[in-house]
Each structure stands twice: as C-alpha cells, then as structure tokens.
Amino acid sequence: MATPDAQNGTISFFCGSFRFVPTDMSAARAEWNRLANNMPALEGASVAPLASTSSQTGTGVGKESERSSVKTTPQRGIVKEATSTTDTTTRRAKPTEEWTTHPEMVTRTVIGPPEFFYSKDSSFYLSETRVLPKFWTKHVHFSGKVYFHHRRFNLITPNDIREPLILQNIERIRKQEISKFIKVVNPKDLPSCEHVVMLPRLDSSDAADIYHVAIDSRRVLRMDRDNVVEQAKELFWRHLESYPMHNQFLPWDYEVEFLNAITFGANERIRDFRNTPFPFVDRQCERFLRIYQDLKDRLESTENAVIPAIVWHIARVMAEVEKSRTQYHWGTPENRIYRNVAIPEPSRLEMILTLPLFGAHSMYRTRLQGTRVKGAVYLPDFRKLMQQFLDEWADSNLLATVFVSANVAFLAVPGIDALQKTASLASSLFAMMSITVGVHHVWRHRSKVDALYQDAESYLYHVRRLGEHIDLTITACFLSLPVVSLLWSVLCFTIAIAAFCIQSTNISSKIILVTLLSLLGFFASVTLLFFWHIWRSPRHNEIEEDFNMDTRLNVDPLKGLPKAEMAVKNLIKSLKMRTSGQRRETGKKKEQATRDGVSNNIS
C-alpha cells in the first residue's frame, strides 16, 4: 500500500511485511516534468506531468489490493480517460469515472501513465518512465519479455514503440502492409484478427516479419504479394504462447481441443502403446491437466485475471502436439497412428566387428537407433535408455570385481604353468578394463537420465561427420566396452581353468574333465542358438507398411482367417434361425388374432 508521508514528502510502499521507501519524489517529479515539457511531440502521444503526492492512493488489503488505481482530476497536459476505466485485473470498462491504472502484480501489465515510483538516479528512470503513445499498452510476459498492443487496430509488436523511429516504422507498416491485407481479406470474415509486426535491427536490411492471426478460426495468414497464404496451425499456438497477456476472454474451443489432445495422449500411454506419435508421457499429461484445473478453479476468485495464464498454458502444450500432428499428417488421408520405428540395416563395419565384440555393439546400436529414428529424437525413450545403460554397467562392474578376485586366488595356486598364468593374468586385465570403463560410463551418463532435448540430440549426433550410417555404430562400440571386456575376461579365465584341468591331472581325471568341459561347451552353444532369434528382430520397415487391424493385439491375421470365416458363417446361420423363428412367431400371432376376431363376431 502506498501512503503519503507529510513529514518528509516521501511515499511508502507496502508489500506484505516488506516496506519500500524510495528517495524523495519531489526531485524526481520535477525532473520528469522538465523532460515532459522538452520531449518532442509524437503522433498519438501525449505527455503527462506527475501529480502531487497528495493525489496518489495506494493498494488496499485483500480483494481491493488486486486493484491499483489513482483517481485524477483533469489538468493541463494530462491524458484524460473520458468515460472509462481500464482495470487490468477484471479487464472491464467502468463508465462515468476517470481513472489511471497502475501496474498490476496479477497480470503484470503496465498501462498508460509513467511508473513514477522510480527515482531520478535509477537506471530505469529514462527507460521505464516514458509515456506510451495513445492506444498502446505495454504487457510483460510470464518469462519477463515485453510486448506492446495497440487496442484500436489490434496490432502487436515486441519492438519498443516508445522509440520514435520504431514507432514511425510501425505506423508506416500499418498504413501500407496491414491496410493491403484488409483490402484483400474482408474484415467481416475475420472479426477478431490480430496483426503482428516484428521489425529487424535498425542496422539490418531485412524486411519486417508480418503475419495475421484469425483468432476465431485459429489460423495464421501471411501475404505473398497479392495472395493470402495460410500457415501451419502450429504457428497459431506459438503466437498465443508468445503473446498471451492481452487476452480478455478464454474461447471454449481452446479448452476443448486441449482436453481432446491430452485425453487421447494419456489413454495411449496408459495402454502402453509405446509407438504412439503423441509427444508427452502419462506423467506429463497428468501434470498438464492438474495445472489447467487449478487455474480454472481460480477464475471466479481472481475475477478472470488468470485467463492469460490459462491461454499460455494451453498454447504451450498444443504447440508441441500440433508439431507432432503435422509430422504424421494428422487429419488427412495419409494420417499415421504410429510413429517412425524403422531403423536402417547394419553397416559393413558393424558386421566386421561382430566377432571381436561378441555382437554386443549391435545390441547397443539397435537401442540407440530406436531413440533416433529418421532424424527425430524421442526424448522419453532416450532417458529410459540411459537408465538401462546405468543398470547394465553397474552389474558388469560387480561381476568384473568378482573375476578380479577369482583370478587373484587362482594365481596363488601352486604348480600352475605359464599358459595358465598368462590366461589368468589376461582375464584380470580384461576385468580391470571392464571396471575402469564401466565406472567412467556411469560417471559420464548419470546426469543424462533427465537430459534435455538439446543434450539428447547432441549425444546421438556426436560423430555425425562420419556419416549417419556408422555414427551410432561407433558410439555403440564405446558403450559396449564394459560388457565386451567382461566377456573376454570370462573367456580367458575359462581357458586358464581348462588348461589347469588338462595339464595338472592324471589320465583318468583328464578324460572326465575333458568330457565335462565338452558337455558344458555344447550346452552353452545350444543355449546361445536357442535364444538367438527368440525375440522379434528390429523393424526395418514402418508399421503402416504391413498394417492390419490386429497389429496392436499381436494377432497373426493369416492364422485368424479360418476362425473369422467360421465366425461369419455361424453369425449368418444364427441370423437366419432368428429370422425364421420371428416369422413363425408372427404367423402364430396373426392366426390367433384371426380366431379371436371370428369368435367375437359369432358371439
């Protein structure tokens, strides 16, 4: 609350338990009035000298504290609001009163007169206390960015129109380009159309970016010479996301489209359709709906002051949804209900490295490729994959530590020869390498569990210069080193144990141990071959290319044809039986009715 202090001529501002007492306002007021008298006049602008301290009123408590207004009397040079008051909290016009509205903390909107609570020495004095031209309103976005809205012509610009040169350029564009658009498009067809003008830098030769937003039909239009070209719908939601603060109403179709999209996406995620093109996971959908419901519940209590927040929230979500819809041809005959899942065939380098790396790099490459399909990075899948990698490396580190201990114990056995000692030492070295690389990978990838989209894209395209066919193969080779080193450690330790069994025992023991080792090797090979193709191989073509109605149910359509044919025959048979039964029943009823009529006539 602002209260005048008669003793020292200062104004005290209260905000909760905080009290701010600026410097003496008399000097600042005198300096502002001096600058106002010397300021060159602009078209549509008027300069207002500051009122005296006694004419200032502060902010009340409770509900009245959300409205900050100063009632003024007409003076020479003051902007006079003849018959209306602009209230940024309720955004309603109140007739027969003269008001000048001050900044509102709810909508963070600055209107009209200078913000004269800055002192002369403040760095904001000259930049934030300049009077806005007539019909212009300054709005502060939730992110802190500023844009200006012309209430009469419904024009929006992020450029500072308080600069005379910028204001002149905006006025010139309004008279030329926007008037040209209005001549081509009938204003009656677009009753609520916003015009956005973004000027380039003053030292740039680029043209201004101009587009027009049809609010009712949710379209973005641009002029291409004498033709009007409609832009992608994503740009409409991007516009609302960038400029939401001046919105006074919440169209119901915004809410319907938002709820439809979130309902579809949440249902897809709940049923675990992982190949859906919807960009958000179920946890994000839940949070979006909760925020939306919280804002809706506060509409009445805030007297619609949260409408800009609701519009911004809906627009930010729908912009990402519309981007995904555009990519997969939503609303067209070419619409796809599955995202891209086909990965390219393995490269020649990958096949060459299969033997020394035991094929582990192929597994890593396939999983990495599943998070980057045809240039699109799927962030939720990438985060989940990073967590899986961390779990695998933790297990490999534990097993490698066990093999180091086992090799140390084996080297302490007396009587081992050079071959057995060499194999055991090699196993120890491979195990140490597995531990070292595994610890490094865990350390470097721990923070990527919650990676941003830019981090995931940079990670997956780290060696892009080598070509998109082998870049992930090289990355997969380095990622598979802990597991590959562990497998080599197991192999070397197996050789050491096998050599010890053969070279350090008698003939009968050798026969038994060799037979046992042969059986173990045979069963290990059979197990590997059994599980070699037990899982479905990675897709090299899209789901829609061999689409059938039973894809999501994992039903083979060829196997289901005989059953479907039998079901159709049984259905036809049951319908025939039902129809014949109904006919017999109808005939009996007619015969009975005839008999009853004859008996009535006889009586």
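**Rings and cores: a quick tour**

Okay, let's start with two rings: Phe403 and Phe493 are both buried. Keep in mind that this is a predicted model.

So where do those two sit? Phe403 is in helix α10, and Phe493 is in helix α14, which covers residues 481-503. The pair therefore ties together parts that lie 90 residues apart in sequence. As for geometry, the ring centres are 5.9 Å apart with the planes at 85°, so we call this one edge-to-face; the cut-off for that is over 60 degrees.

How many aromatic pairs does the structure hold? There are 19 of them. Another one I'd pull up on screen is Tyr364 with Phe389. Here the centres are 5.1 Å apart and the angle between the planes is 40°, which makes the pair tilted. Tyr364 belongs to helix α9, residues 360-371, and Phe389 to helix α10, residues 379-411, so this contact ties together parts 25 residues apart in sequence. Buried or exposed, that Tyr364? It's buried, at 0% relative accessible area. Phe389 counts as buried too, with 0% relative accessibility.

While you're looking at Tyr364, check out Arg367: it lies over the face of that ring, 5.6 Å from the ring centre. There's also Arg372, which lies over the face of Tyr461 at 4.5 Å from the ring centre. And if you like clusters, ring pairs link Phe264, Phe278, Phe280 and Phe288 into one.

Right, on to the nonpolar cores. In general, nonpolar side chains in soluble globular proteins tend to be buried together. In this model, the largest nonpolar core has 36 residues, and the ones touching the most other members are Phe236, Trp237, Phe258 and Ile310. Which elements feed into it? At least two residues each come from β11 (209-214), α4 (234-242), α5 (252-270), α6 (282-297) and α7 (307-327). The top contributor is α7, with ten residues.

Let me zoom in on Ile310 for a second. Leaving out residues up to four places away in sequence, Ile310 touches Leu250, Tyr292, Leu295, Lys296 and Leu299.

Then there's a second, separate core of 20 residues, and among them are Val449, Tyr459, Tyr461 and Ala476. You've met Tyr461 already: that's the ring with Arg372 over its face.

That's my tour; shout if you want any of these back on the screen.

Methods: Residues are numbered from 1 along each chain as its sequence is written. This is a predicted model: local features need pLDDT of at least 70, side-chain atom pairs count only at pLDDT 80 or more; totals for chains, interfaces and linings use all residues. Side-chain values use heavy atoms; hydrogens and water are left out. Rings of Phe, Tyr and Trp (its six-membered ring) pair if their centres lie within 6.5 Å; planes under 30 degrees apart count as stacked, over 60 as edge-to-face and the rest as tilted. Helices (H or I, at least four residues) and strands (E, at least two) are DSSP runs, numbered from the N terminus. Buried means under 20% relative accessible area, exposed over 50%, partly exposed in between (1.4 Å probe, protein chains only). A charge sits over a ring if NZ of Lys or CZ of Arg is within 6 Å of the ring centre and within 35 degrees of the ring normal. A nonpolar core is a set of buried Ala, Val, Leu, Ile, Met, Phe, Trp, Tyr and Cys residues joined through side-chain atoms within 4.5 Å. Contact means heavy atoms within 4.5 Å.
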